[in-house]
Amino acid sequence: MSNIAKAFENGKAFIPFITCGDPDLATTAEAVREAVRNGADLIELGIPFSDPTAEGPVIQGANIRALSGGVKTDMIFEFVRGLRRDVTVPMVFMTYANVVFSYGAEDFISACAEIGIDGLILPDIPYEEKDEFLPFCRRYGVELISLIAPTSANRVGMIAKEAEGFIYLVSSLGVTGERSSITTDLASIVKIIRENTDVPCAIGFGISTPEQANEMAALADGVIVGSAIVKLLEQHGKDAPQYIGEYVRTMKRAAASAK
């Protein structure tokens with residue numbers, strides 16, 4: 001069993017997203033630990049990038065703050081190495097192809113394996129171009145996470161058949177950010193996913209309230225929340241980890257209670 005699969009072993013998974021280095025790596029580390037202490041099953045760590053095309057204004061702001069603070073990829077690798085001294089839940093990186101290319105794809109992915117990163121999410125790489133990274137991921141045991149969006153249409157089954165780790169199901173069209181409601185017919189997409197793979201499916205984009213977490217967890221195997229957590233970092237800065245812990249506890253409880 002892959003390490004990522006363990007996140008989905010005990011009911012509905014809750015997956016928080018945190019941008020590394022916002023406002024600094026010490027705060028990121030404490031935010032991660034508070035999230036884990038309060039029930040996070042898997043941590044999605046964002047490596048900041050200057051042009052994060054999938055992100056709305058909240059996470060764009062986090063990228064700008066982290067980069068302005070001087071965070072570099074090697075610093076994030078060292079930071080994760082420190083986290084792994086006591087954080088045992090699965091962790092994945094979310095970043096953009098240019099970050100990986102500029103570092104060197106094999107060097108980047110081998111470093112992920114060495115520091116204990118279990119998976120990689122690249123939202124700007126379409127399914128048809130994943131072979132630029134997949135051989136290195138396979139070589140070093142880092143799972144390349146597939147995204148399925150409402151626009152994937154007749155490609156859903158094809159993507160699902162080759163998925164590994166977990167499937168990131170994008171709830172809505174557009175960029176990340178809190179939404180008052182999620183109206184996409186996700187049930188029909190999840191049905192096709194289930195017909196083609198046993199790989200767990202987690203829904204992200206737009207989830208911010210316990211009610212939404214419960215509703216989405218009822219459809220899938222887990223929920224992913226980013227903007228609402230990043231907003232806490234924007235509001236509270238270095239004091240944010242305690243608020244993140246309280247929020248994660250509430251959201252995890254809501255997800256876990258889904259039928």
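**Exercise 1.** Which residue in strand 2 does Ile18 stand opposite?

*Solution.* This is a predicted model, in which local features need pLDDT of at least 70 and side-chain atom pairs count only at pLDDT 80 or more, while totals for chains, interfaces and linings use all residues. Residues are numbered from 1 along each chain as its sequence is written, and side-chain values use heavy atoms, with hydrogens and water left out. Begin with the strands, which are DSSP runs of E with at least two residues, just as helices are runs of H or I with at least four, numbered from the N terminus. Strand 1 (residues 13-19) and strand 2 (residues 43-46) run parallel and are joined by three bridges, where pairing requires that DSSP finds at least two bridges. Within this pair, the residue opposite Ile18 is Leu45.

**Exercise 2.** Find which strands stand at the edges of the sheet.

*Solution.* Write down the strand order of the open, nine-stranded sheet, which is 5-4-3-2-1-9-8-7-6 with parallel pairing. Strand 5 (143-144) and strand 6 (146-148) stand at the edges with a single partner strand each, so one side of each lacks a neighbour in the sheet.

**Exercise 3.** Determine where the buried residues of helix 9 lie around its axis.

*Solution.* List the residues of helix 9 (residues 210-219) that are buried (under 20% relative accessible area, with a 1.4 Å probe and protein chains only), among them Gln212 and Met216. Seen down the axis, the buried residues fall within an arc of 125 degrees (taken from the directions from the helix axis to the C-beta atoms), so they line one face of helix 9.
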